[in-house]
Amino acid sequence: MHEHAMHTGPGTLALVVPIAAAVGAALYIGAAVRLRRRGDAWPWWRDASVTAGAGAVAAAAVLPLVTATVSPLPGGPFTAHMTGHLLVGMVGPLLVVLGRPVTLLLRTVPVGHARTGLLRVLHSRPAALLTGPAVAAVLDMGGLWVLYRTPLFAAMHDDVLVATVVHLHVFAAGMLFTVAICHLDPLRRRYGLVHPAVVLLLAGAAHSVLAKSLYAQAPPGTTFDASDLEAGAQLMYYGGDAVGLALAVVLAVRWYGEAGRVRERHFRSRDIRLSARTFPPV
């Protein structure tokens, strides 16, 4: 039994992840600046959102090192781990997706083979499958159930490679799920409101049930103080609900905007037809 389930080698992740996050944010901001310089509009708040998302992911990587060497967070190691889980798997992906990085990339890549190839990948069958709400939810929530209800979580304590792979999966699955629910960037298939809303509701229920199970029983092969386990499980429960609510708001706003544009096109088309009947060509 491990008394602490924080993975070994936090220094490696604490070094590599913040650098990668900083590079990603810098590339995004650089592309946005070039877009504005050529006269195209791009909201500044998207730059801030992506930067904050990159900061959240970087903070999740640095957190284990800080708690181990400087000062532990209130609650204990499991609470600290769960803080990192929310940052890297939910908060960070949501903030990055709100910045619409794929749309920015498409608007800055010159027309040619590179742009055509990127569109081909985005509109491919594998991309459509991975960004389908149901598949993305299974990859995200299913991965969390495997992590916390099998010995995999304890294995992170002993093997830095396992810890690295798990962190990459949590971030990638969180990104896919957020993209699938929000659908802000151009993808092959667009969904309405009902399908992603139902998937979001079911995924939130699965996340809440997992959090409640962790409140009662630690992951296999680990031991934590009861207060630490309960605080971490509560953080997972209420933090997951908060991010789920934010996703629901983004989904509703996106659907409302698209429905409004459809109505506007319909009315414009109707007005054109009426004008053609009223003023026939000479």
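**Exercise 1. Tyr237 and its ring partner**

Task: In this predicted model, classify Tyr237 as buried, partly exposed or exposed, and find which kind of aromatic pair Tyr237 and Tyr238 form.

Solution.
- Step 1. The relative accessible area of Tyr237 is 22%. Buried requires under 20% and exposed requires over 50%, so Tyr237 is partly exposed.
- Step 2. Tyr238 has a relative accessible area of 57% and is exposed.
- Step 3. The whole model holds 4 aromatic pairs. For the rings of Tyr237 and Tyr238, the centres are 5.0 Å apart and the planes stand at 80 degrees. Planes over 60 degrees apart count as edge-to-face, so this pair is edge-to-face.

**Exercise 2. A ring cluster**

Task: State which residues are linked by ring pairs into a cluster, and classify the pair of Tyr148 and Phe153.

Solution.
- Step 1. The cluster consists of Phe78, Tyr148, Phe153 and Phe224, linked by ring pairs.
- Step 2. Between Tyr148 and Phe153 the distance is 5.4 Å centre to centre, with 45 degrees between the planes. Stacked needs under 30 degrees and edge-to-face over 60, so the pair is tilted.
- Step 3. Both Tyr148 and Phe153 are buried.

**Exercise 3. Salt bridges**

Task: Determine how many salt bridges the structure has, and describe the one formed by Asp47.

Solution.
- Step 1. The search of the whole structure gives 2 salt bridges.
- Step 2. Asp47 is bridged to Arg36, with 3.0 Å between the closest N and O atoms. Asp47 belongs to helix H2 (residues 44–69) and Arg36 to helix H1 (residues 10–37), so the bridge ties together parts that are 11 residues apart in sequence.
- Step 3. Asp47, at 5% relative accessibility, counts as buried. Arg36 counts as buried too, at 17%.
- Step 4. The other bridge joins Arg38 to Asp40, where the closest N and O atoms are 2.6 Å apart. Asp40 is partly exposed, at a relative accessible area of 26%.
- Step 5. As a general remark, side chains of opposite charge can pair when their charged atoms come close.

**Exercise 4. Charges over rings**

Task: Find which ring Arg36 lies over, and which ring Arg46 lies over.

Solution.
- Step 1. Arg36 sits over the face of Trp44, at 3.6 Å from the ring centre. Arg36 also takes part in the salt bridge with Asp47.
- Step 2. Arg46 sits over the face of Trp42, at 4.5 Å from the ring centre.

**Exercise 5. Packing of H4 and H5**

Task: Give the relative direction and the handedness of the crossing of H4 and H5.

Solution.
- Step 1. Helix H4 covers residues 101–108 and helix H5 residues 113–122; their axes are 10 Å apart and the packing angle is about 150 degrees.
- Step 2. An angle over 145 degrees counts as roughly antiparallel, so H4 is roughly antiparallel to H5.
- Step 3. The crossing of these two helices is left-handed.
- Step 4. Arg107 is located in helix H4 and is partly exposed, at 31% relative accessibility. Its C-alpha atom is separated by 9.1 Å from that of Ala31, which lies 76 residues away along the chain.

**Exercise 6. Positive phi outside glycine**

Task: For Arg100 and His183, give phi, the loop and the exposure class.

Solution.
- Step 1. Arg100 has a positive phi, near 50 degrees, and is not a glycine. Arg100 sits in the loop between helix H3 (77–98) and H4. Its relative accessibility of 27% makes Arg100 partly exposed.
- Step 2. His183, also not a glycine, has a positive phi of about 50 degrees. The loop that holds His183 runs between helix H9 (160–182) and helix H10 (194–216). At 1% relative accessibility, His183 counts as buried.
- Step 3. Val166 is found in helix H9, and at 11% relative accessibility Val166 counts as buried. The C-alpha atoms of Val166 and Leu144 are 9.7 Å apart, with their positions 22 residues apart along the chain.

**Exercise 7. The chain as a whole**

Task: State how many helices and strands the chain has, and what share of its residues is buried.

Solution.
- Step 1. The chain has 11 helices and 0 strands. In order from the N terminus, the elements read α-α-α-α-α-α-α-α-α-α-α.
- Step 2. Of the 282 residues in the chain, 39% are buried.

Key:
Residues are numbered from 1 along each chain as its sequence is written. This is a predicted model: local features need pLDDT of at least 70, side-chain atom pairs count only at pLDDT 80 or more; totals for chains, interfaces and linings use all residues. Side-chain values use heavy atoms; hydrogens and water are left out. A salt bridge is a side-chain nitrogen of Lys or Arg within 4 Å of a carboxyl oxygen of Asp or Glu. Helices (H or I, at least four residues) and strands (E, at least two) are DSSP runs, numbered from the N terminus. Buried means under 20% relative accessible area, exposed over 50%, partly exposed in between (1.4 Å probe, protein chains only). Rings of Phe, Tyr and Trp (its six-membered ring) pair if their centres lie within 6.5 Å; planes under 30 degrees apart count as stacked, over 60 as edge-to-face and the rest as tilted. A charge sits over a ring if NZ of Lys or CZ of Arg is within 6 Å of the ring centre and within 35 degrees of the ring normal. Axes are lines fitted to C-alpha atoms, for helices over the stretch in contact, and angles run from 0 to 180 degrees between N-to-C directions. Angles under 35 degrees count as roughly parallel, over 145 as roughly antiparallel, 65 to 115 as roughly perpendicular and the rest as oblique. A crossing is left-handed if the near helix is turned anticlockwise from the far one by less than a right angle, and right-handed if clockwise.
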